[in-house]
Amino acid sequence: MGTYSKFIIMEDRLMKNPYYAKAMEFIRTTDLNSLENGKHVIDGENLFVNIVDSNMKTPQQARLEVHDRYIDIQVPLSKPETYGIKPRKDCMEPDGVMNEEKDILFYKDPVEETMTAAPGEAVTFAPDMAHAPLIGEGTIHKAIFKVKVVD
């Protein structure tokens with residue numbers, strides 16, 4: 001099964017999460033470029049978006065990360081963004097322990113596989129997929145949606 005097929009299956013599963021469905025609707029109906037930098041609450045702590053300007057990194061500088069409580073939907077706004085990707089189950093070198101407050105765990109594993117998203121393209125990272133964002137040059141303006149995981 002190719003990567004594209006895996007993303008379609010993941011999409012079907014995620015659409016059963018009401019906050020994910022609400023996030024995708026928000027992305028379709030909102031001019032994300034019109035939002036000021038900072039946190040924008042959509043549905044309390046269940047769904048919010050952070051609009052940020054971040055410095056980009058080389059693949060060697062980028063760190064794989066995972067989250068337990070939230071699904072990430074990342075949308076580059078100003079230019080393409082490359083992400084390192086690796087199934088969480090294949091990550092072998094945790095860099096510390098899960099930061100429960102920030103819901104993030106980093107890995108020392110190198111970035112070996114990447115994907116690139118065009119401006120305005122939404123990329124979803126469920127808790128089972130490690131991702132290393134911000135690969136590229138210069139600064140990027142982007143939206144990072146945090147979608148609460150529901151069972």
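## Close-up views of a five-stranded sheet and its helix

**View 1. Helix H2 lies across the sheet.** Helix H2 (residues 18-29) lies across S1, strand S2 (47-55), S4, S8 and strand S10 (139-148), and runs at about 150 degrees to S10. Helices (H or I, at least four residues) and strands (E, at least two) are DSSP runs, numbered from the N terminus. Axes are lines fitted to C-alpha atoms, for helices over the stretch in contact (heavy atoms within 4.5 Å), and angles run from 0 to 180 degrees between N-to-C directions. The model is predicted; local features need pLDDT of at least 70, side-chain atom pairs count only at pLDDT 80 or more, and totals for chains, interfaces and linings use all residues. Residues are numbered from 1 along each chain as its sequence is written, and side-chain values use heavy atoms, without hydrogens and water.

**View 2. The open sheet has 5 strands.** Their order is S1-S2-S10-S4-S8, with antiparallel pairing (two strands pair if DSSP finds at least two bridges between them). S1 (38-43) and S8 (123-125) are the edge strands; each has a single partner strand, so one side of each lacks a neighbour in the sheet. From one strand to the next the twist averages 25 degrees.

**View 3. Strand S4 pairs with S8 and with S10.** S4 (residues 70-76) is joined to S8 by 3 antiparallel bridges, and Asp72 has Phe125 of S8 as its bridge partner. Between S4 and S10 there are 7 bridges, also antiparallel; Pro76 stands opposite Lys142 in S10.

**View 4. Both faces of S4 are covered.** Tyr70, Asp72, Gln74 and Pro76 on one side, and Ile71, Ile73 and Val75 on the other, are all buried (under 20% relative accessible area, with exposed over 50% and partly exposed in between; 1.4 Å probe, protein chains only). Because 7 of the 7 residues of S4 are buried, the strand is largely enclosed by the rest of the structure.
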